[in-house]
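Please describe the surroundings of the ligand in this structure, and then any residues with an unusual backbone angle.

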Amino acid sequence: MSVIAVIGGTGPQGTGLAYRFARGGHEVVLGSRSQERAVVAATELGERVGSATVRGAANDHAAKGADLVLLAVPYDGHDALVAELAPQLAGKVVISCVNPIGFDKRGPFGLDLGPTSAAEDAQRLLPDSTVVGAFHHLSAVSLNGDADLLDHEDVLVCGDDAEAKAAVIELAATVTGRPGVDAGALRLARQLEPLTAVLISINKRYKVRSGISVAGFDHSVSLPASGPVGTTVPAAG
Ligand SMILES: NC(=O)c1ccc[n+]([C@@H]2O[C@H](COP(=O)([O-])OP(=O)(O)OC[C@H]3O[C@@H](n4cnc5c(N)ncnc54)[C@H](OP(=O)(O)O)[C@@H]3O)[C@@H](O)[C@H]2O)c1
């Protein structure tokens with residue numbers, strides 16, 4: 001079991017994922033720019049989970065004591081906060097669920113970041129950490145809801161380090177009951193992050209809470225032992 005810090009853990013997404021991680025047996029530290037807000041949020045979550053394995057701390061303290069760190073802050077202000085936390089995040093696996101999304105009269109849309117993504121920006125700002133993208137498409141409402149597991153959804157995981165990605169693929173099972181899906185290299189966060197705008201648009205149109213489930217995929221098949229990312233030769237046909 002790991003100690004997982006959630007940076008921005010007072011928001012709905014951070015709290016919702018923390019709830020799932022804590023139920024999965026992990027020790028969780030909710031981070032905030034204010035220690036006081038973090039402690040309040042952690043007390044509430046601890047009561048809900050019925051366990052003493054939830055704590056609150058200022059973001060830097062939360063990051064420092066953790067094995068795994070989730071970034072759950074808005075894209076606005078993301079770069080400044082991530083750069084500030086670089087020393088505490090060094091040597092750690094950092095998960096980004098950050099979606100750079102805008103809204104205008106026509107609805108939600110993925111921000112045009114050029115040839116990058118929030119997850120890749122985090123990796124650039126954290127050269128001594130290993131960034132993995134995941135949990136972009138799970139709604140905070142579902143995460144904070146009463147369902148035991150979000151077992152109708154898949155967690156798509158992208159990253160350039162096979163070991164870090166495997167840890168996050170396994171962690172996804174605390175949310176959905178099944179391992180996450182290896183979606184490929186970290187640069188695919190450029191496609192995964194804005195895809196959330198499509199889900200939000202569907203939600204508004206149909207008054208639902210849509211998610212991602214990968215068709216034509218057998219979750220019981222485990223991944224072959226992987227070499228460095230990018231060395232696999234695609235099968236012909
Ligand atoms: N909400 C969803 O359904 C959902 C679904 C998938 C992915 N996501 C992604 O998850 C992330 C968090 O979503 P959310 O809805 O929980 O966001 P949020 O409520 O807007 O923000 C989360 C927390 O981040 C901190 N924060 C806010 N502005 C900040 C800034 N400028 N700099 C540093 N910290 C700041 C705040 O905590 P303190 O004030 O306590 O520091 C806040 O409680 C976003 O990137 C979002 O795209 C959200």
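## The ligand and its surroundings

Among the 21 residues around the ligand, those that come nearest are Thr10, Ser32, Arg33, Arg37 and Val73, where near means that a heavy atom of the residue lies within 4 Å of the molecule. This is a predicted model, in which local features need pLDDT of at least 70 and side-chain atom pairs count only at pLDDT 80 or more, while totals for chains, interfaces and linings use all residues. Residues are numbered from 1 along each chain as its sequence is written, and side-chain values use heavy atoms, with hydrogens and water left out.

By class, the shell around the ligand holds 9 nonpolar, 9 polar and 3 charged residues. Polar contacts (pairs of N or O atoms within 3.5 Å) are listed below.

| Ligand atom | Protein partner | Distance |
|---|---|---|
| oxygen | Pro12, polar backbone atom | 3.3 Å |
| oxygen | Arg37, side-chain N or O atom | 3.0 Å |
| oxygen | Ala140, polar backbone atom | 3.0 Å |

Taken alone the ligand exposes 890 Å², of which the protein buries 75%, with areas from the Shrake-Rupley method and a 1.4 Å probe.

## Two backbone angles

Most residues other than glycine have a negative phi. Phe135, however, has a positive phi near 65°, and its place is in the loop between strand E8 (130-133) and helix H7 (140-143). Lys207 also has a positive phi, near 55°, and is found in the segment after helix H10 (189-206); helices are DSSP runs of at least four residues and strands of at least two.

Phe135 counts as buried because its relative accessibility is 1%, buried meaning under 20% relative accessible area and exposed over 50% (1.4 Å probe, protein chains only). Lys207, at 74%, is exposed.

Key:
A polar contact is a pair of N or O atoms within 3.5 Å; within protein, one must be able to donate a hydrogen and the other to accept it, and residues adjacent in sequence count only if both atoms are side-chain atoms. Ala, Val, Leu, Ile, Met, Phe, Trp, Tyr, Cys and Pro count as nonpolar, Asp, Glu, Lys and Arg as charged, and the others, Gly among them, as polar.
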